[in-house]
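Trainee: I'd like to go through this model and check the labels people put on it. Can I ask you how each one is justified?

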Amino acid sequence: MTTTIKPATDVLENKEPKVKGPKASVYKTNQLNLWYGSNHALKNIDLDIKENEVTAIIGPSGCGKSTYIKTLNRMIETIPSVKTSGEIIYRDRNIFGKDYQVEELRTKVGMVFQKPNPFPKSIYDNIAYGPRIHGIKNKKILDEIVEKSLRGAAIWDEVKDRLQENAYGLSGGQQQRICIARCLAIEPDVILMDEPTSALDPISTLKVEELVQDLKKDYSIIIVTHNMQQAARISDKTAFFLNGEVVEYDETDKIFSNPSDSRTEDYISGRFG
């Protein structure tokens with residue numbers, strides 16, 4: 001079954017149209033290292049992630065995938081033992097720079113987690129939460145943001161008559177799309193997704209995958225997944241992580257059909273992991 005998804009451009013009234021041409025870099029990671037205490041979790045990571053693409057991060061458990069994307073919005077800093085070296089350039093600015101406020105970064109870089117985590121509030125208040133935090137109080141404007149965000153997340157028709165009901169009453173797949181809509185409501189530039197379908201049934205997984213394909217028209221999406229078939233289906237580029245290092249990073253078609261490193265081939269063919 002195919003889900004009809006209204007283009008996510010409708011979510012952002014003031015977003016300027018993209019100019020076609022060579023894709024700009026949204027993130028450049030240069031010699032990034034990260035330690036949890038004495039554990040060297042990320043080792044000399046060099047990645048150039050382009051805008052308006054879906055970039056998949058694959059690899060076995062414990063290889064650094066989730067650590068990497070949580071570093072992209074500095075969420076990893078909530079762990080006291082973490083230290084880093086190297087740099088992460090987001091839109092030509094080093095996110096570790098002393099003048100870069102983490103609140104500013106997280107306004108531009110949204111996050112969708114492995115398990116749906118709606119707030120214990122109404123569907124409406126879940127979506128309106130971010131805009132209210134940013135000072136929007138006008139009810140008409142909030143109504144418009146809520147509807148456009150829910151349409152952008154392909155769930156408006158399912159919840160339009162239930163907006164005042166608690167989001168916990170929705171199915172797992174619907175809750176995950178509510179979380180995506182909540183992310184869209186703050187008008188991000190990048191959406192990070194940490195195994196967003198691992199807790200979902202196959203039908204809900206399909207809806208989220210179709211949504212991701214539509215959203216990349218207006219957003220850059222970086223997704224961690226254990227599902228090789230999912231990475232092959234939805235991503236433009238794939239990075240294979242192993243033991244905290246990037247073994248290979250290339251066009252997804254090449255990674256899955258003709259990888260350059262034997263370890264990549266061993267992993268995607270199921271010999272380990």
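Trainee: Which hand does the crossing have where H3 passes H4?

Mentor: H3 passes H4 in a right-handed crossing. The hand comes from how the near helix is turned from the far one by less than a right angle: anticlockwise is left-handed, clockwise is right-handed. Before you go on, this is a predicted model, where local features need pLDDT of at least 70 and side-chain atom pairs count only at pLDDT 80 or more, while totals for chains, interfaces and linings use all residues. Residues are numbered from 1 along each chain as its sequence is written, and side-chain values use heavy atoms, with hydrogens and water left out.

Trainee: And what makes something a helix or a strand here?

Mentor: Both are DSSP runs numbered from the N terminus: H or I with at least four residues for a helix, E with at least two for a strand.

Trainee: Okay, why is H3 called roughly perpendicular to H4?

Mentor: Two packed helices are described by the angle between their axes and the distance between the axes. H3 and H4 (residues 139-152) pack at about 115°, with axes 9 Å apart. Angles under 35 degrees count as roughly parallel, over 145 as roughly antiparallel, 65 to 115 as roughly perpendicular, and the rest as oblique. So H3 is roughly perpendicular to H4. As for the axes, they're lines fitted to C-alpha atoms, for helices over the stretch in contact, and the angles run from 0 to 180 degrees between N-to-C directions.

Trainee: Which residues make that contact?

Mentor: From H3 you have Ile123, Tyr124, Ile127, Ala128, Pro131 and Arg132, and from H4 there are Lys139, Leu142, Asp143, Ile145, Val146, Ser149 and Leu150. Contact means heavy atoms within 4.5 Å. By class they split into nine nonpolar, one polar and three charged. Nonpolar is Ala, Val, Leu, Ile, Met, Phe, Trp, Tyr, Cys and Pro; charged is Asp, Glu, Lys and Arg; the others, Gly among them, are polar.

Trainee: What about H3 and H6, then: how do you know which orientation word applies?

Mentor: Same routine. H3 (residues 123-133) and H6 (residues 172-184) pack at about 30°, with their axes 7 Å apart. Set against the cut-off of 35 degrees, that makes H3 roughly parallel to H6. Ile123, Asn126 and Ile127 in H3 meet Ile178, Ala181 and Arg182 in H6. The residues of this contact are four nonpolar, one polar and one charged. H3 passes H6 in a right-handed crossing.

Trainee: And what makes H6 and H7 roughly parallel?

Mentor: Their angle is about 20°, with the axes 9 Å apart. That value falls under the 35-degree limit, and H6 and H7 are therefore roughly parallel to each other. The partners are Gly173, Arg177, Ile180 and Leu184 of H6 with Ser204, Lys207, Val208, Leu211 and Leu215 of H7. That contact has five nonpolar, two polar and two charged residues.

Trainee: Switching to exposure: why is threonine 55 called buried?

Mentor: Threonine 55, in strand S3 (residues 54-58), has a relative accessible area of 1%. Buried means under 20%, exposed over 50%, and partly exposed in between (1.4 Å probe, protein chains only). So 1% makes threonine 55 buried. Leaving aside neighbours within four places in sequence, threonine 55 is in contact with Ile49, Ile221, Ile222, Ile223, Lys237 and Tyr249.

Trainee: And what makes serine 198 partly exposed?

Mentor: Serine 198 has 42%, which sits between the two limits, so partly exposed is the label. Serine 198 is in the loop between strand S7 (190-194) and helix H7 (202-215).

Trainee: Why is the pairing of serine 198 and glutamine 114 called a polar contact?

Mentor: Their side chains are joined at 3.1 Å. The rule asks for a pair of N or O atoms within 3.5 Å; within protein, one must be able to donate a hydrogen and the other to accept it, and residues adjacent in sequence count only if both atoms are side-chain atoms. At 3.1 Å, the pair is inside the cut-off. Also, the backbone oxygen of glutamate 195 lies 3.2 Å from a polar atom of the side chain of serine 198.

Trainee: Last one: what makes arginine 91 partly exposed?

Mentor: Arginine 91 comes in at 28%, between the limits again, so partly exposed. Its phi is near 50°, a positive value in a residue other than glycine. Asparagine 44 has a phi near 50° too, and at 43% asparagine 44 is also partly exposed.
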